[in-house]
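The following exercises invite the reader to examine a structure step by step. Each task is followed by a worked solution.

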Amino acid sequence: MNGGILTLFLRREIRDIRGNSRVWPLYLVFPVLGIGFPVVFALLAPLWVDGGRADRDAQVIINLVQRLAEFRGLPPSEAIARYLLRNAAGIFILMPVALASTSAAFSIVGEKTQRTLEPILATPITDRQFLVAKLLACTGPTVVVTLVVAIVATVLVDVLTAQRYHTLLLPDRFWALGAFVLSPLVAIAVALVTMRLSARATDPQATVQTTALFIIPAFLITIGVFGKLLTTYFPALVAGCVIVALADLALFRSNVRRFQREEILTRWA
Amino acid sequence: MISAQGLTRAFDGRVAVEDVSFEVPDGRVFTLLGPNGAGKTTTVRLLLGLIAPTSGTAQVAGHRLGRGPDANRALRASCGVLTEAPGFYDRLSAWENLLFFGRLYELAGPRLSERIEKYLRLFALWDRRDSPVGTYSKGMKQRLALARALFHDPQVVFLDEPTAGLDPEASLAVREMILELKREGRTLLVCTHNLDEAERLADIVAILKRRLLACDTLDRLRAGGDGQQVLVRLESPAEEQAPALRALPFVRDAVARGNELLLTLSGASSQVPRVVQVLVQRGAPVLEVRPAGPSLESIYLQAVREDT
């Protein structure tokens, strides 16, 4: 694989994101949420626990959290803070789903509407190169933003809470695996599914709408169903990463096999 | 060289191109004429290996058309193509667009920069090289697309409507460029609706309407055309004489251009003295009479109408 072609598409994609008013606001909103949620949860946990001592319902939740193997023996406010942070890590799954799918929705159909697809396919580029370059262009910015946000959130949470707990709340192994492994894998899966739609579409808006109506909810429901398991049982999170990685491989191979230049040029262009 | 043998392509049972065979030797301009939907773009796509033929084969720049998605990389690397629509990234500058496509053609470093500069200067886009292509006029985009088709030094060049959207001066520059490329020994396939352009450029003219209706040099096509054409040069404006000549039973058509009359006669050249006699009787001194083949326009229209 020619690295030059990959960076070429990546750089062009970044320029496109900067110029696309339907895409770049997402790259502002999600980082704010990705940093804001963990910081707010970390800061509010002790207030909630302290204020919740008199509240029977709150006490029930605190007791339940403290019964989890991971948090057993921890002071209540630290246990709750760690529990909330683990749940806040869900934003690092939501981010790649939203960002990668939006970029991928424009990926191939965008080339068609700009009439650049045929000149590109008329060059010596191979299908595999084209699809890998497009995949990298869709997921690269998403993954980088997600990782940067995860690192910034980790540092901020630790700086703001280290003095109180005398330990670093982040990253714990769930947070690390979720943000740095599962999140990029999910981004790739979402991008691959959306790219397949994009190749068979003639209108970027239709692809964005289909993505918003079907693909994003499908991924979120899947994450929601397995969310509890993934945030409380580490082997389940590891298994989740392996399953998504295998799904990525299968989807990529399928996309390469099903990428029909002539069908795209003659039927969908 | 381009060589097509029995190229046929059907889409869902509808035949777009049928049994197309022709040969274009190195350093020749082959113009492909035909009405909209005649299969010109499909033929170019077939020859570039972008779509696979249902049957038949072709050889382009020494590369035989292969089957499979990545079988025609070397063929495509040897070809330049101007697609029907220019197709650029509007947010990128002309320089950045050519840089992007140059890298896809596996050019890099100073060689790529030199090529980009050469062709941007050649097509008078150098001063606007840093402006986003979205701000370009249609003609500027067309010139940039021509630069993209040529800047990687291809042996075979496919040009789909190369002068569409260009002003007369830019059209002339493009035609001169095509002739220059021909002098350099490159092979060009030009799809056009502009018959005058085809007449000026073509070594070989093909008329396509799903299948090839005609394919030969212009001289041979003219020789085989129906009806005899004669050019009469007068001392006075020819417009005044045209109606009288059209009234003659053996004159099918009389077209006046300045002091010249282009007559299409239904009979043999034995009718020419009668034409001269009529003109002299009408007080129009005749300076010259010479045979002229049928125009490409009449050859084209005849071929296309006969096929309808």
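The exercises below concern a predicted model and treat confidence, backbone geometry, burial and the contact between chains.

**Exercise 1. Determine which helix of chain A has the lowest mean pLDDT and which has the highest among the elements of that chain.**

Solution. Begin with the chain as a whole: chain A averages a pLDDT of 86, and 96% of the residues score at least 70. Then turn to the elements of chain A: helix α11 (residues 261-268) has the lowest mean, 74. The highest mean, 93, belongs to helix α10 (residues 234-258). As a caution in reading, predicted coordinates should not be read in detail where pLDDT is low.

**Exercise 2. Identify the kind of peptide bond that joins A:L170 and A:P171, and locate A:P171.**

Solution. Omega of this bond is about -5°. The bond between A:L170 and A:P171 is cis. As for location, A:P171 belongs to the loop between α7 (127-165) and α8 (173-199) of chain A. For comparison, most peptide bonds are trans.

**Exercise 3. Describe the phi angles of B:D12 and B:A124, and decide whether each residue is exposed or buried.**

Solution. Most residues other than glycine have a negative phi. B:D12, which is not a glycine, has a positive phi near 50°. This residue sits in the loop between β1 (2-11) and β2 (14-24) of chain B. B:D12 is exposed because 6 other C-beta atoms lie within 10 Å, and 12 or fewer suffice for that class.

B:A124 is likewise not a glycine, and its phi is positive, about 55°. Its place is the loop between α4 (109-122) and α5 (138-150) of chain B. B:A124 has 13 C-beta neighbours inside 10 Å and therefore counts as partly exposed.

**Exercise 4. Establish whether B:N72 is buried or exposed, and state which residues it touches.**

Solution. B:N72 lies in the loop between β5 (63-64) and α2 of chain B. Because 22 C-beta neighbours are found inside 10 Å, B:N72 counts as buried; the cut-off is 20 or more. Leaving aside residues up to four places away in sequence, B:N72 touches B:G49, B:L65 and B:G66.

**Exercise 5. State how many residues each chain brings to the contact, and describe the side of chain B.**

Solution. Chain B brings 28 residues and chain A brings 24. On the side of chain B that touches chain A, α2 (73-77) and α3 (94-104) each supply at least two residues. The most comes from α3(B), with four residues. By character, this side of chain B comprises 17 nonpolar, two polar and nine charged residues.

Terms used:
Residues are numbered from 1 along each chain as its sequence is written. Chains are lettered from A and ligands numbered from 1 in the order in which they are written. This is a predicted model: local features need pLDDT of at least 70, side-chain atom pairs count only at pLDDT 80 or more; totals for chains, interfaces and linings use all residues. Two residues are in contact if their C-beta atoms, placed from the backbone, lie within 7 Å. Ala, Val, Leu, Ile, Met, Phe, Trp, Tyr, Cys and Pro count as nonpolar, Asp, Glu, Lys and Arg as charged, and the others, Gly among them, as polar. pLDDT is the predictor's confidence in each residue, from 0 to 100.
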